[in-house]
Amino acid sequence: MVNVLLRVWALLLGIVLIMLGNGMHFTLIGLRGGIEGFSSAELAVITSSYFVGFLSGARFTPLLIRRVGHVRVFAALGSFISAGLIAFPLLTEPWAWTVLRLLVGFCMSGIYVVAESWLNDAATNETRGKVLSAYMIAQTLGIIGAQGMLTLGDAATSVLFICASILVSISFAPILLSVASVPAVDVARPMALSFLFKRSPLGTVGIFLLGSAYATQAGMGAVFGSQIGLTANSIALFIATLFAGALILQYPIGWLSDRMDRRKLIFSAAFIGGLSCAVGWVAHDGIWSLMAAAFFAGGVTTPLYALFLAYTNDSLSASDMPAASGGLVFTFGLGAITGPLVTGWVMQWLGPFAFWLVLSAIFIVIAFYAVYCMTQNPVVVPTEETESYLGVVPTSSVVAVEAAGEWAAEHAEAEREATDTP
C-alpha cells in the first residue's frame, strides 16, 4: 500500500486541498446565508443550483477535454472556481449566489473528471482498488478537515471565502506538477433510465432518493444549524459528524455487503438512517442527540450509494456496467437537485426541524421500497456471484464510478476463479 501511495501522493494531496476548499464553501453558504437573512427556500434553490451545474459539468467536460486537452480544461475550470468563491461575499444576493453556485458546481465536476482520469491512468490493474480507496478516503478527510478550518474565521467577513479560494488554487500545483501522461477520457454514454429501471428498479429508485438525502445533508445541514441558533463551531462540528459517520461505517457495511443479500442490507441501513433522523427531529434541545443523529444519518448515506451501485451491477453484464454507472450517476444528480428544493420548502412551512423530517421520510421510503422489491423478486443472487463492493463516495464523477465498477467486476471474477481452482 505504501508503494501505491508513493506513486499517487501528489494527486491525492491535490484532491484533499480541493475538498478542503469545496467543503468550506458548502458550509459557508448556509452560515453566511443565515447572516444575510436568506430564507430556507432561497438557500434551497442556491443549493440545488450547485448540483445542476455538477450534472452539466459531468456531461460537457469530456467534450471540452477532447477539444483543448486536460491541462487547459483543468486550469480554466480552477480559475473560475477561485473567482467564484471570492465573489460570494461581494454579491450577497440570492440570484447572484444561484448563478455562482451553478458555475462552481459545473467547474468542480469538471475538476473531478480530469483529476480522476489522471488518477485512474496512474493506477495499474493490480493497484486500482487501493488507489480508488485512497482517493475516496482523501475526499472524505478533506471535507471533514474543511469544517475544522471554518472555526478559524468569521463567516460574516470575506476571510473564509478567500481561504477556500486559496486552497482550491494551490491544489492545482501538486496535481499539474505530478502528471506526466495525458490519458484519454472515454466516458460511456449513460444507459437510458427506462432500461436501467427495468433491470434494477431498486437501484434506480434508491439512488434517486439517496441523491435527495445526500444533497439535503450536505447543502441544507448548515442552514438547519444556523436557523436553530447553533454557533458556527457547532455547525462545523455537525457537518463534520455527518461525514465522519460515513468514513467510519463504510468498512463494516462494505464487509457485510459481500456476505449477505444486499437488499436486506439496503433495508437495514436505510431503516437505521430513518430512525436516526427521527431522533434528530424530536431532539430539539439536545446537541449531542443531534450529533448522534448526524453520525448515523451521514454514516449510512455514503455506504448506501456504493451499495446501490454494487447491487445494480450484480444484475448486469460486464459490458453494460459503464453505461449503467453513467445512468446511476445521472439519476443520483437528479435526486440531488430535487432534495434541497423539497427540504427548503418544507422547512419554510414547518420550521427548521423539518430538515430531519424530510430526511427520515426519504430513508424510510428507501427501506420499504427495498422490502417491496424483495416481495416482487424473491430470488437472491448468491453472494459468491455478486460483484465486489468498493466504497465509492457520492462526490465522485462518473470516471471514478466506472473505474470502480470495472475493478469490482475483475476482482470478483478473479476470486471466483481462485475458488474454483482445485
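**Helices of a predicted all-residue model**

Buried residues, meaning those under 20% relative accessible area (1.4 Å probe, protein chains only), make up 58% of the 422 residues in the protein. This is a predicted model, in which local features need pLDDT of at least 70 and side-chain atom pairs count only at pLDDT 80 or more, while totals for chains, interfaces and linings use all residues. Residues are numbered from 1 along each chain as its sequence is written, and side-chain values use heavy atoms, without hydrogens and water.

Student: How many helices and strands are there in the protein?
Tutor: Both are DSSP runs numbered from the N terminus, helices being H or I of at least four residues and strands E of at least two. From the N terminus on, the elements run α-α-α-α-α-α-α-α-α-α-α-α-α-α. The count is 14 helices and 0 strands.

Student: How are α8 and α12 oriented to each other?
Tutor: Helix α8 (residues 201-227) and helix α12 (residues 321-350) pack with their axes 6 Å apart, at an angle of about 40°. Axes are lines fitted to C-alpha atoms, for helices over the stretch in contact, and angles run from 0 to 180 degrees between N-to-C directions. Angles under 35 degrees count as roughly parallel, over 145 as roughly antiparallel, 65 to 115 as roughly perpendicular and the rest as oblique. The two helices, α8 and α12, are therefore oblique.

Student: What end-to-end distance do the C-alpha atoms of α2 have, against the span expected at 1.5 Å a residue?
Tutor: The expected span is 1.5 Å times one less than the number of residues. For the 29 residues of helix α2 (residues 40-68) this should give 42 Å, which agrees with the end C-alpha atoms being apart by 40 Å.

Student: Where in α2 does a kink lie?
Tutor: The bend at a residue is the angle between axes fitted to the seven residues ending there and the seven starting there. In α2 a kink of about 35° comes shortly before the proline Pro-62, at Phe-60.

Student: Is α11 largely enclosed or largely open, by its count of buried residues?
Tutor: Helix α11 covers residues 287-314. Of its 28 residues, 22 are buried, so α11 is largely enclosed by the rest of the structure.

Student: Is Phe-295 buried, partly exposed or exposed?
Tutor: Phe-295 is found in helix α11. Exposed means over 50% relative accessible area, and partly exposed lies between that and the buried limit. Because its relative accessibility is 21%, Phe-295 counts as partly exposed.
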